[in-house]
Amino acid sequence: MKSYLILALSLLIGVAKAQSVVLRPDRVFDGEVMREGWAVRVNNDRIEAVGPAAEIRAEGAQLIDLRGTTLMPGLIEGHSHLLLHPYNETPWDDQVLREARSERVARATVHARKTLLAGFTTVRDLGTEGADYDDVGLKQAIDKGIIPGPRMVVATRALIATGSYGPKSFSPDIEVPQGAEEANGHDQLIQAVRRQIGKGADVVKVYADYRWGLMADARPTFTLDELKLMVEVAASSGRAVVAHAGTAEGMRRAILAGCRTLEHGDAGTPEIFALMKERGVALCPTLAAGDAVSQYRGWRKGQEPEPERIRNKRTTFRQALDAGVTICFGGDVGVFAHGDNARELEMMVEYGMAPLAVLRSATSVNADVFGLTDRGRVKAGLLADLVAVTGNPVQEMGAVRRVKLVMKGGKLVTTP
């Protein structure tokens, strides 16, 4: 361990002195294709050159030998909640109502660091779940170098229809703070969308369906016209709308309204997925969240048959793949532990997605769908957000857990 720390420190010192760095792994996954024997040259915060190792100029650069590794773009987590922690530690209701926001932000700083060390250099954080606009401050603290963490795309509070969210199970005489912002009808919705954007939202999140009443089944929330209005207002500022949508009708409305991505999609049908493909709407399936919640509820994975919820999820995910729907990588991390983001990648393979397609989903596909034109690929001119892992993830997806090096903006990040 001591020798590793000395090596890591020497690398950091060397990089600090050299404007250019050359990284020599066994192979480079460039966001599209696996390239054997390639190397990458970084200058300041950008990728300067990438190609066969013999063609990458090493003069005047700090050389980092990464034999035995695969170098990839920094991974992009598509559905995160840095202000939440696993529900088997503290139930969601108690996090929203009992934990001080100062505690939640303190936890989030730890979550951000763990996420970055795991090789995820960007996260799309889809809602503070009762923590107001604290994701904006967290993002700013990371950007200013106050705390380590990934680049953040934030949704702030998210939007819900009155009566459809939580916390729940309290006396109807008691009004409790909600985990998102309630808004209804033409004027309120316009104001809420603009308010969240004005406070710092990079993307607007809406709940197109949810459980109405006390422990009821999920049903659509906003009307199609309401969803269209929110999409139109957000688009005026150049922002997309993403929708929590698990029911077939909620998904249909969100698709027709022009939402950029649908989150979860648990009750999708072949017809719904065909509509998603037709309209160019991407799916963020969040397989790991459902898996985690089922275990929290008592399922002993690997020892007992899969619950109906898990079996259905396998089916709908396969239907989405068969329909050619664009799949975004995103695990709904926060429901399960931050830093364990790779759990979703492994499950995507387990549920039938080709390993190379999974890697694309977590890099170039997410970058394209989220409009992040400066990252997601190992390509000259893009940000030097890179991760090296021991082994080859195409042969074994678990290799993404064996992080050897993380670079963000051309700077080495201390690894575990």
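Is Ala 53 buried, partly exposed or exposed? In this predicted model, Ala 53 counts as partly exposed, because its relative accessibility is 25% and the partly exposed class runs between under 20% for buried and over 50% for exposed. The residue sits in the loop between strand S4 (46–52) and strand S5 (61–73). Beyond its sequence neighbours up to four places away, Ala 53 touches Gly 37, Trp 38 and Ala 39. His 244 is 191 residues from Ala 53 along the chain, and 44 Å separates their C-alpha atoms.

His 244 also appears among the contacts of Val 206. With neighbours within four places in sequence left aside, Val 206 is in contact with Leu 159, Phe 222, Leu 227, Met 230, Val 241, Val 242, Ala 243 and His 244. Val 206 belongs to the largest nonpolar core, which has 73 residues. Val 206, Leu 262, Met 276, Ile 327 and Leu 345 have the most contacts inside that core. Helix H6 (residues 224–236) supplies the largest share of it, six residues. Another core lies apart from this one and has 17 residues. Leu 23, Ile 47, Leu 71 and Ala 384 are among them. In soluble globular proteins, nonpolar side chains tend to be buried together.

Leu 71, a member of the 17-residue core, is also in contact with Arg 27. Arg 27 is placed in strand S1 (residues 20–29). Arg 27 is buried, because its relative accessible area is 12% and the limit for burial is under 20%. Its side chain makes a polar contact of 2.9 Å with the side chain of Thr 70. The Arg 27 side chain also reaches the backbone oxygen of Gly 391, at 3.3 Å. Both partners recur in the wider contact list of Arg 27, which leaves aside neighbours within four places in sequence. That list also holds Met 34, Arg 35, Glu 36, Gly 37, Thr 69, Leu 71 and Asn 392. Gly 37 is thus shared: it contacts Arg 27 and is touched by Ala 53.

Charged pairs were examined next. Side chains of opposite charge can pair when their charged atoms come close. The structure holds 32 salt bridges. One of them joins the side chains of Arg 151 and Asp 385, at 2.7 Å from N to O. Arg 151 lies in strand S8, and Asp 385 lies in the loop between helix H12 (355–370) and strand S17 (386–390), so the pair ties together parts that are 234 residues apart in sequence. Both Arg 151 and Asp 385 are buried.

Other bridges involve partly exposed residues. The side chains of Arg 46 and Asp 45 meet at 3.9 Å, N to O. Arg 46 counts as partly exposed at 32% relative accessibility, and Asp 45 does so at 33%. Glu 396 and Arg 402 form a salt bridge of 2.9 Å, N to O. Glu 396 is partly exposed, with a relative accessible area of 40%. Arg 402 is likewise partly exposed, at 35%. Salt bridges also link a network made of Arg 101, Asp 132, Asp 134, Arg 157, Glu 181 and Arg 195.

Backbone geometry stands out at several sites. Thr 156 has a positive phi of about 50 degrees, although it is not a glycine. Thr 156 lies in the loop between strand S8 (151–154) and S9. Its relative accessible area is 0%, so Thr 156 is buried. Ala 158 is placed in the loop between S8 and S9. Phi of Ala 158 is also positive, near 70 degrees, in a residue other than glycine. Ala 158 is buried, with a relative accessible area of 2%. A cis peptide bond joins Gly 166 and Pro 167, with omega about 10 degrees. Pro 167 lies in the loop between strand S9 (159–160) and strand S10 (181–182).

On the surface, Leu 97, Phe 170 and Ile 174 make a nonpolar patch of about 250 Å². Leu 97 is placed in helix H2 (residues 92–97). Leu 97 is partly exposed, with a relative accessible area of 31%. This value qualifies Leu 97 for the patch, because patch residues need over 30% relative accessible area.

Notes. Residues numbered from 1 in each chain as written. Predicted model: local features only at pLDDT ≥ 70, side-chain atom pairs only at ≥ 80, totals over all residues. Heavy atoms only, no water. Patch = residues over 30% accessible without salt bridge, like charges linked within 9 Å, V, L, I, M, F, W, Y side chains within 5 Å. Areas by Shrake-Rupley, 256 points an atom, 1.4 Å probe, with all protein chains shown as cover. Salt bridge = Lys/Arg side-chain N within 4 Å of Asp/Glu carboxyl O. Helix = DSSP H or I, 4+ residues; strand = E, 2+ residues; numbered from the N terminus. Buried < 20%, exposed > 50% of the residue type's maximum accessible area, 1.4 Å probe, protein only. Polar contact = N/O pair within 3.5 Å; in protein donor to acceptor, adjacent residues only side chain to side chain. Contact = heavy atoms within 4.5 Å. Core = buried A, V, L, I, M, F, W, Y, C linked by side-chain atoms within 4.5 Å.
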